[in-house]
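Here are a few exercises to work through with the structure open beside you. Try each one first, then follow the solution step by step.

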Amino acid sequence: MKPAYLLPLLIVAAGCTDRGASYQPVLDGQPNAAYQSDLAECQTLARDQQHLNRSTKQAVLIGAGIGAVLGEVDNDSDPLGGAIVGAISGGAAGASDAADKRETIVIECLRRRGHPVVG
């Protein structure tokens, strides 16, 4: 496993850090006077949800395990490199799931405050 493979995975992982919490939903109609302040509060609520939660940690461990096995059976026979790539891939997948949950928090929070959010 070559270290050059790590760079794209690191870039993807870094790009997920604030995704979801800064989501700008689509409304069915015009926003009312309270929309901007409600949006800011809902985004703050979503931002408080950690990316490095239990499921993200599990995804990192599973990715590292699978990567180590695949790295061992690969032609390069590099279980450590495979584990690193697998851990980064698992972490990126876990962070992506966490970002999706943050987006859902923004949407549901606005809906519960009476805003006509479509998605």
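**Exercise 1.** Work out what links Asp-38 and Arg-113, and which parts of the chain they come from.

*Solution.* Start with the side chains: Asp-38 and Arg-113 meet in a salt bridge, 3.2 Å from N to O. A salt bridge here means a side-chain nitrogen of Lys or Arg within 4 Å of a carboxyl oxygen of Asp or Glu. Next, place the partners: Asp-38 is in helix H2 and Arg-113 in the segment after H4, so the pair links distant parts of the chain, 75 residues apart. Helices are DSSP runs (H or I, at least four residues), strands are E runs of at least two, and both are numbered from the N terminus.

Before going on, a word on what you're looking at. This is a predicted model, in which local features need pLDDT of at least 70, side-chain atom pairs count only at pLDDT 80 or more, and totals for chains, interfaces and linings use all residues. Residues are numbered from 1 along each chain as its sequence is written, and side-chain values use heavy atoms, with hydrogens and water left out.

**Exercise 2.** Find the other salt bridge of Arg-113, and say whether each partner in the network is buried or partly exposed.

*Solution.* Arg-113 also meets Glu-41 in a salt bridge, at 2.5 Å from N to O. Glu-41 lies in helix H2 and Arg-113 in the segment after H4, so this pair ties together parts 72 residues apart in sequence. Put the pieces together and Asp-38, Glu-41 and Arg-113 form a salt-bridge network. Now check accessibility: buried means under 20% relative accessible area, exposed means over 50%, and partly exposed is in between (1.4 Å probe, protein chains only). Asp-38 counts as buried at 12%, while Arg-113 is partly exposed at 37% and Glu-41 is partly exposed at 44%.

**Exercise 3.** Count the disulfides and say which parts they join.

*Solution.* The structure has one disulfide, meaning a pair of cysteine sulfur atoms within 2.5 Å. Cys-42 is joined to Cys-109, with 2.1 Å from S to S. Cys-42 sits in helix H2 and Cys-109 in helix H4, so the link ties together parts 67 residues apart in sequence. The link of Cys-42 and Cys-109 is left-handed, at -70 degrees about the S-S bond. Both Cys-42 and Cys-109 are buried.

**Exercise 4.** Which residues make up the largest nonpolar core?

*Solution.* A nonpolar core is a set of buried Ala, Val, Leu, Ile, Met, Phe, Trp, Tyr and Cys residues joined through side-chain atoms within 4.5 Å. The largest one has twelve residues: Ala-21, Tyr-23, Leu-27, Tyr-35, Leu-39, Cys-42, Ala-46, Val-106, Ile-107, Cys-109, Leu-110 and Val-117. H2 and helix H4 (79–112) each supply at least two residues of this core.

**Exercise 5.** Is His-115 buried or exposed, and what does His-115 touch?

*Solution.* Locate His-115 in the segment after H4. His-115 counts as buried, because its relative accessibility is 5%. Leaving aside neighbours within four places in sequence, His-115 is in contact (heavy atoms within 4.5 Å) with Asn-32, Ala-34, Tyr-35, Asp-38 and Leu-110.

**Exercise 6.** Describe the overall chain: how many helices and strands are there?

*Solution.* Count four helices and zero strands, giving the pattern α-α-α-α along the sequence. Of the 119 residues in the protein chain, 33% are buried.
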